[in-house]
Amino acid sequence: MIEEYRDRLPVSDTTEVITLREGGTPLVPAQVLSERTGCEVHLKVEGANPTGSFKDRGMTMAITRAKEEGAKAVICASTGNTSASAAAYAVRAGMVCAVLVPQGKIALGKMGQALVHGAKILQIDGNFDDCLTLARGLSDNYPVALVNSVNPVRIEGQKTAAFEIVDMLGDAPDIHVLPVGNAGNITAYWKGYQEYAADGIATHNPRMWGFQASGSAPIVRGEVVKDPHTIATAIRIGNPASWQFAERARDESGGFIDEVTDRQILAAYRLLASQEGVFVEPASAASVAGLLKAAEEGRVDPGQKIVCTVTGNGLKDPDWAVAGAPQPVTVPIDADAAAEKLGLA
Ligand code: F0G
C-alpha cells in the first residue's frame with residue numbers, strides 16, 4: 001500500500017517498507033442499503049486486509065518508520081485489532097511486540113492473533129483508556145516505540161483508504177460514514193479526502209458522519225465516559241485520543257457524530273451478513289447502524305453517494321453470529337432424510 005501512494009506518505013526513496021500487502025480492499029455496492037436509503041451506498045470492506053482490519057494501513061507505516069529509526073521493540077494499547085496488526089507486522093520486521101489489553105474485553109480471535117504472532121501480552125484490570133495511559137508511560141520512559149494512532153504516521157497510513165475510494169469512484173462521495181472509537185480513523189479519512197481535494201483529484205470533500213456506541217459515546221455526550229460499555233468491544237473507549245481531531249473533521253466537513261445502541265449495532269450486523277453477504281465484526285456495523293438511524297430520522301437526502309467503512313472482519317468475534325442463531329440440524333447420511341430437513345422433498 002505504501003508503494004501505491006509513496007509520494008503522499010512520509011517515507012524516503014531508500015526507506016525499507018515493511019508490508020503484508022495491505023490495502024486495495026473491496027468497495028462493494030450495497031444493494032439493500034441503497035434501496036432502504038434511496039442513495040448509492042458502498043461498503044469499504046477493511047476486514048479484507050491481511051490481519052482482518054483497517055489497522056494494517058496504519059501499521060505498515062508505523063512499523064516501517066519504527067524499523068527505520070532503529071527501534072527493537074514496539075508497544076500498543078488495544079481493544080484487539082491494533083494488537084493483532086502490530087504483532088503481525090512486528091514479526092515481518094523482526095521486532096519484539098508488546099501489547100496492553102483490557103482483561104476479558106477483547107474478542108477471542110484477536111487475542112489468538114496476538115498470541116500466534118508471538119506478542120508479549122499484558123492484561124490490565126481496566127479499560128482501553130487505562131491501557132493507553134500505561135503504553136504512553138512505557139514508551140516515554142523505556143526503549144520501546146508506541147504504535148497507537150497517537151503516533152502520527154499511523155494516521156498517514158490510514159488516510160490511504162480515502163485515496164482508494166476517490167480513485168475507485170472517480171470523485172469523493174457525498175457522505176462518508178465510520179464507527180468511532182479512539183477517533184484515529186475518522187481523523188485519517190478526513191486528512192486523506194482533504195489532501196485529494198486540495199490537489200484537485202476530488203472536486204469536493206464528503207461530509208463525515210461518525211457513530212459511537214451509546215454506552216461509549218464521550219464525543220456525543222461532550223464528556224469522558226469513565227466506565228464505557230458496549231458489546232462492540234473494539235470501540236469500548238471512554239476518552240478518545242483523537243477527540244479534537246474527530247470534532248474538527250465533523251465541523252469542517254459539515255457532518256455529525258452521533259450514537260447507536262447495541263441493539264441497532266446488532267441489527268445492522270445481521271443485515272450486513274444476511275442481506276449484503278458481508279460478515280463484519282460488531283463495531284464495524286456501527287457505521288451502517290448509524291446510516292440506517294439517520295435515514296429513519298429523515299437526515300439522508302435521496303440520491304447521494306455514500307460510503308460506509310466496515311472496519312473489521314466478522315471472523316474475529318464470531319460469538320454474536322452464533323448467539324441466537326438457529327442450531328444446525330443433525331441428519332443421517334441419507335439423501336431423502338436430508339432433503340426433507342432442507343424442505344426440498
Ligand atoms: N472498528 C474496529 C473494528 C476497531 O478495531 C476500531 C478501533 C474502530 C472501529 C474505531 O476506530 O479507534 O480509529 O476510531 N480499534 C482500536 C484497537 C482501538 O485497539 O484495535 P478508531
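## Exercises on a domain interface

Arginine 57 and glutamate 164 form a salt bridge in this predicted model, with 2.9 Å between their closest N and O atoms.

**Exercise 1.** Show which domains the salt bridge of arginine 57 and glutamate 164 joins.

*Solution.* Step 1: domain 1 is assigned residues 2-53 and 152-322, and domain 2 is assigned 55-146. Step 2: position 57 falls within 55-146, in domain 2, while position 164 falls within 152-322, in domain 1. Step 3: the pair therefore spans the two domains, and its 2.9 Å is within the 4 Å cut-off for a salt bridge. Step 4: in total, 3 salt bridges are found across this interface.

**Exercise 2.** Describe the extent of the contact between domain 1 and domain 2, and state which three residues of domain 1 bury the most area there.

*Solution.* Step 1: the C-alpha centres of the two domains are 22 Å apart. Step 2: domain 1 brings 43 residues to the contact and domain 2 brings 34. Step 3: about 3,100 Å² is buried between the domains, with 54% of that area from carbon and sulfur atoms. Step 4: on the domain 1 side, Ile18, Arg154 and Lys316 supply 23% of the buried area, more than any other three residues.

**Exercise 3.** Work out the polar contacts and the make-up of the domain 1 side.

*Solution.* Step 1: between the domains, 22 residue pairs are in polar contact, counting those with both residues at pLDDT 80 or more. Step 2: helices α6 (152-158) and α7 (160-169) each give at least two residues to the side of domain 1 that touches domain 2. Step 3: α6 has the largest share, 4 residues. Step 4: this side of domain 1 has 15 nonpolar, 17 polar and 11 charged residues.

Definitions and conventions. Residues are numbered from 1 along each chain as its sequence is written. This is a predicted model: local features need pLDDT of at least 70, side-chain atom pairs count only at pLDDT 80 or more; totals for chains, interfaces and linings use all residues. Side-chain values use heavy atoms; hydrogens and water are left out. Domain bounds come from an automatic or database domain assignment. Contact means heavy atoms within 4.5 Å. Buried area is the accessible area (1.4 Å probe) that two parts lose on being put together, summed over both. A salt bridge is a side-chain nitrogen of Lys or Arg within 4 Å of a carboxyl oxygen of Asp or Glu. A polar contact is a pair of N or O atoms within 3.5 Å; within protein, one must be able to donate a hydrogen and the other to accept it, and residues adjacent in sequence count only if both atoms are side-chain atoms. Ala, Val, Leu, Ile, Met, Phe, Trp, Tyr, Cys and Pro count as nonpolar, Asp, Glu, Lys and Arg as charged, and the others, Gly among them, as polar.
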